[in-house]
Amino acid sequence: MKRFPKDYTAGEISALIQGEFIGDPSHLIDNFADPSEANSSSLIFLEQEKFFSKAMASKAGLIICTQEFASRLGNSNLIIQEKPYFVIMMLISHILSEARSKLKYDVSPSSKLGDNTCLAPDVLVGNNVVIGANCQIGSHTIIGANCVIGDNCILGQDCYLYPNVNIYDDSVLEDRVILHAGVVIGSDGFGYLLQEGTQIKIPQVGNVIIHADVEIGSNTTIDRATIGSTIIGEGTKIDNLVQIGHNCIIGKHSILCSQVGLAGSTTIGDYVYLAGQVGVAGHLSIGDKAMVGAQSGVSHDLDPGGRYFGYPARDVKLMKRILAAEKNLPEMYKAYTKSKGDGHSHD
Amino acid sequence: MKRFPKDYTAGEISALIQGEFIGDPSHLIDNFADPSEANSSSLIFLEQEKFFSKAMASKAGLIICTQEFASRLGNSNLIIQEKPYFVIMMLISHILSEARSKLKYDVSPSSKLGDNTCLAPDVLVGNNVVIGANCQIGSHTIIGANCVIGDNCILGQDCYLYPNVNIYDDSVLEDRVILHAGVVIGSDGFGYLLQEGTQIKIPQVGNVIIHADVEIGSNTTIDRATIGSTIIGEGTKIDNLVQIGHNCIIGKHSILCSQVGLAGSTTIGDYVYLAGQVGVAGHLSIGDKAMVGAQSGVSHDLDPGGRYFGYPARDVKLMKRILAAEKNLPEMYKAYTKSKGDGHSHD
Amino acid sequence: MKRFPKDYTAGEISALIQGEFIGDPSHLIDNFADPSEANSSSLIFLEQEKFFSKAMASKAGLIICTQEFASRLGNSNLIIQEKPYFVIMMLISHILSEARSKLKYDVSPSSKLGDNTCLAPDVLVGNNVVIGANCQIGSHTIIGANCVIGDNCILGQDCYLYPNVNIYDDSVLEDRVILHAGVVIGSDGFGYLLQEGTQIKIPQVGNVIIHADVEIGSNTTIDRATIGSTIIGEGTKIDNLVQIGHNCIIGKHSILCSQVGLAGSTTIGDYVYLAGQVGVAGHLSIGDKAMVGAQSGVSHDLDPGGRYFGYPARDVKLMKRILAAEKNLPEMYKAYTKSKGDGHSHD
């Protein structure tokens, strides 16, 4: 159950989402809930038949639903909408952003800022935050408690850094970048040269550039480039515990699910989808809109728009046929050994 | 070598574990050690023949062993027990919990507590801890240095948060929950809708509920529900670097090994065992007591009590037969191409 | 582009690396760059033909290149070297270590040190660092902001801990160990005994020992031993998000790439290479110089010098033949069912 920062009447909510309203417009709503936990002040939604009985049984004070459910929901307060789920998600985003706009921007006295670091007027710097020298932080950016930012970093406007985020020297974040707790941006790429029995560290002197509207999940790590920049393109979303190696370049609006790992110098196109735990070898190119199934191991370039799956990753149609045949492999092997035995008996 | 918080005589230790004692009961013991590092004040144990010579060669001052080794260990101080390993582990747990009971509970002056946050009388809040508003923290709970807890969180009694743990708003921890360093609880679920070429963020307004006696390993991430709750059942143990997606529901006393990843809305039963690096797709159901081998990729529901393995995960018996046959696949293919060639030559 | 801490003349750089110099020795250089971002104060390098046109088009003020490119690069300032990449990397390491040698060592007043903890004269302790009791920190060691170190820890000389590193009680780091942000050293091993329906925690009373010249990537976790020590050998390099289970023993100069997971009590030799996302089961032994391909699942001991790949990991030659045959499995299966059908029609 998510408490709203203030009460809304059912009529106000209906006006916000411009649906057809049925019921008592003065009924007060103060939270959004799952039907099972809803109370008389709850807003819920109903879009699929399989959730009808749950919605019907709930105590919710207001239901956003499609036309087909309207007559069946008895005398509940209803808002009729074609796409209840989408509408309610946009409504909640709106309500939460309203709350954020009332936030008190402030720099905690327990934070430390380096020389020549410049904060725009409305920035929130949490407790125990440490920011290095020569940084610029854009307005309405929020830096959560215990974050540490190195020297020479640039953060755009309206960024949101959750607590305990680590940003190394020279990193660049454009506007509206969201980094969840424990994210590490700009740690050294993993590069060594074996010389006379010792792994010699290759200095990592590039940086990380994160374009606008990127969101990065908890404890994900993005390494700085050896030379040049590791780049995350505009609008790309990266889940928790993902590893992005040095010098990777990721395009726009791509989706990298949890625990994906990219080795160094790999290029990912726009609108690419990598499912959970996918691994991609280094120096590869994944074309725009390619989709790769969970746990796949990508060891060669992938075509734009292709669908891939498997270890190693293959065209999804071929892979499905391989897996279907594989189930019969024990039987085939038995037949094969039998025929070989038969063959031998002829000798 | 683990130093005990105080000295024990061999006789006191024998009394604590109620075994048969042989030797000098006044001998002082102040640590528990591996046989190879033991000194005359060390306690060690011996349960398996293969470790006999190591134990025999050690300088340990006290050995807990089974009856069969008693006569062979010369004139060492001995305690005879049927299950030395189990007994010694319980002894050490007892000694460590005694030490913890003497801990000085205190709230560091460098910590910050939000409005209406309420601590029970005996709580330890470490340096630089930041706790939001409207939280409740139960007695004898320990919050390590640099932890950050959001608003509206409830922590039970006897919880132990190691340093640098991050807990987002609205999270609930019941009693005796242990969170290791770098754990993130309640970060946003990974959900977007592609609208007109842009990934629109679905607001994540649920929470995380962790039931009693759960332990969670370092840098593991557990996402909040989109709506409702992500739930970890009583007594379940989760290893390091595990990812639990939004709206997952995990049962009681299950074991999730390191680097396991669960996509969203998956349900795991009681006493389930997921080995290291297992991936489970979203919206699945894993039955009670199911066991899944390391690195398996689970893409469909699993039966209670079943044993599974592979990518994709299959019944372990079938999978073993597939793997056995697979080794012969190159030979089978050679025979197949030969027979095809023979076939063609007849055309 | 990496700014140097001071300006160098082209002649000074040439003297440092002892190459043949062509051009204006007084030209000032203040950064190292990728050719595409270079300006007239940039140093770049050229070693491979495929990067020639990029280097030719760049505005770099100084190019380190091999003899073959010298005449083709027009009137640029050049240093001729046999191995430009290696030479430039060593040069940058030298320049960066010079900068570090000028660092002002200092203990932040916002840090907290426990009783009997002893810092060598030149140690840098960052903001909000918390160090427990009875620790020893060697000279020229740098402890980044918000790190937390437990009791009874020993850190050698010239270690570098990036921010937000967590080190549990009793850990030992030798000289020149580098830990990147979010690393956790010494968290409890994952061990439970199921007793009467409940997972009983096995106390984890060993420690972690990290030998000299080890580097460990962001958010990697290394568990303490149950008894004894988890050991990382001299010069071994571990990437981001790696999991090392309790009681593992890793040899010298090995390479563990990102997201590798080792279950408990596994022994890894010297000069071993584990590619990204490799999983290794518990209680195994991986021989010296063994190499394991990405995402492999190692379920048995591996021979020294062997090359392995696959799930489960097999000799790389066998695995390549299996994968080549596997592509034809659908066709083989079709032929098999047809022949079976033919067979049946004879009945």
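Visitor: What turn and what shift are used to lay chain A on chain B?

Guide: A turn of 120 degrees with a shift of 0.0 Å along the axis lays chain A on chain B with an RMSD of 0.1 Å, where copies are superposed by least squares on the C-alpha atoms of residues with pLDDT of at least 70 in both. Please keep in mind that this is a predicted model, in which local features need pLDDT of at least 70, side-chain atom pairs count only at pLDDT 80 or more, and totals for chains, interfaces and linings use all residues. Residues are numbered from 1 along each chain as its sequence is written, chains are lettered from A and ligands numbered from 1 in the order in which they are written, and side-chain values use heavy atoms, with hydrogens and water left out.

Visitor: What relation links chain A to chain C?

Guide: Chain A can be laid on chain C with an RMSD of 0.0 Å by a turn of 120 degrees and a shift of 0.0 Å along the axis. That is the relation of a three-fold axis.

Visitor: What domains does chain A have?

Guide: The assignment, which is automatic or taken from a database, gives domain 1 (2–100) and domain 2 (112–319) of chain A. The centres of these two domains of chain A, taken over C-alpha atoms, are separated by 37 Å.

Visitor: Why are helices H1 and H4 of chain C called roughly perpendicular?

Guide: The axes of H1(C) (residues 10–17) and H4(C) (residues 84–101) come within 10 Å and cross at roughly 105 degrees. The axes are lines fitted to C-alpha atoms, for helices over the stretch in contact, and the angles run from 0 to 180 degrees between N-to-C directions. Angles under 35 degrees count as roughly parallel, over 145 as roughly antiparallel, 65 to 115 as roughly perpendicular and the rest as oblique, so H1(C) is roughly perpendicular to H4(C).

Visitor: Which residues make that contact of H1(C) with H4(C)?

Guide: Ile13(C), Leu16(C) and Ile17(C) of H1(C) meet Val87(C), Leu91(C) and His94(C) of H4(C), contact meaning heavy atoms within 4.5 Å. These residues divide into five nonpolar, one polar and no charged; Ala, Val, Leu, Ile, Met, Phe, Trp, Tyr, Cys and Pro count as nonpolar, Asp, Glu, Lys and Arg as charged, and the others, Gly among them, as polar.

Visitor: What makes S16 and S19 of chain C a pair of strands?

Guide: Two strands pair if DSSP finds at least two bridges between them, and two bridges join S16(C) (residues 166–167) to S19(C) (residues 184–187), which run parallel. Strands (E, at least two residues), like helices (H or I, at least four), are DSSP runs numbered from the N terminus. Asn166(C) stands opposite Val184(C) in S19(C).

Visitor: Why are S7 and S36 of chain C called edge strands?

Guide: Ten strands of chain C form an open sheet with parallel pairing, in the order S7-S10-S13-S16-S19-S24-S27-S30-S33-S36. Strand S7 (112–113) and strand S36 (297–298) of chain C each pair on one side only.

Visitor: How many bridges join S20 and S21 of chain A?

Guide: Four bridges join S20(A) (residues 192–195) to S21(A) (residues 198–201), and these strands run antiparallel. Tyr192(A) has Lys201(A) as its bridge partner in S21(A). The hairpin of S20(A) and S21(A) has two residues between the strands, and Glu196(A) takes a positive phi near 50 degrees there.

Visitor: What kind of peptide bond joins Tyr311(A) and Pro312(A)?

Guide: The bond between Tyr311(A) and Pro312(A) is cis, with omega of about 5 degrees. Pro312(A) lies in the loop between strand S37 (307–309) and strand S38 (314–315) of chain A.
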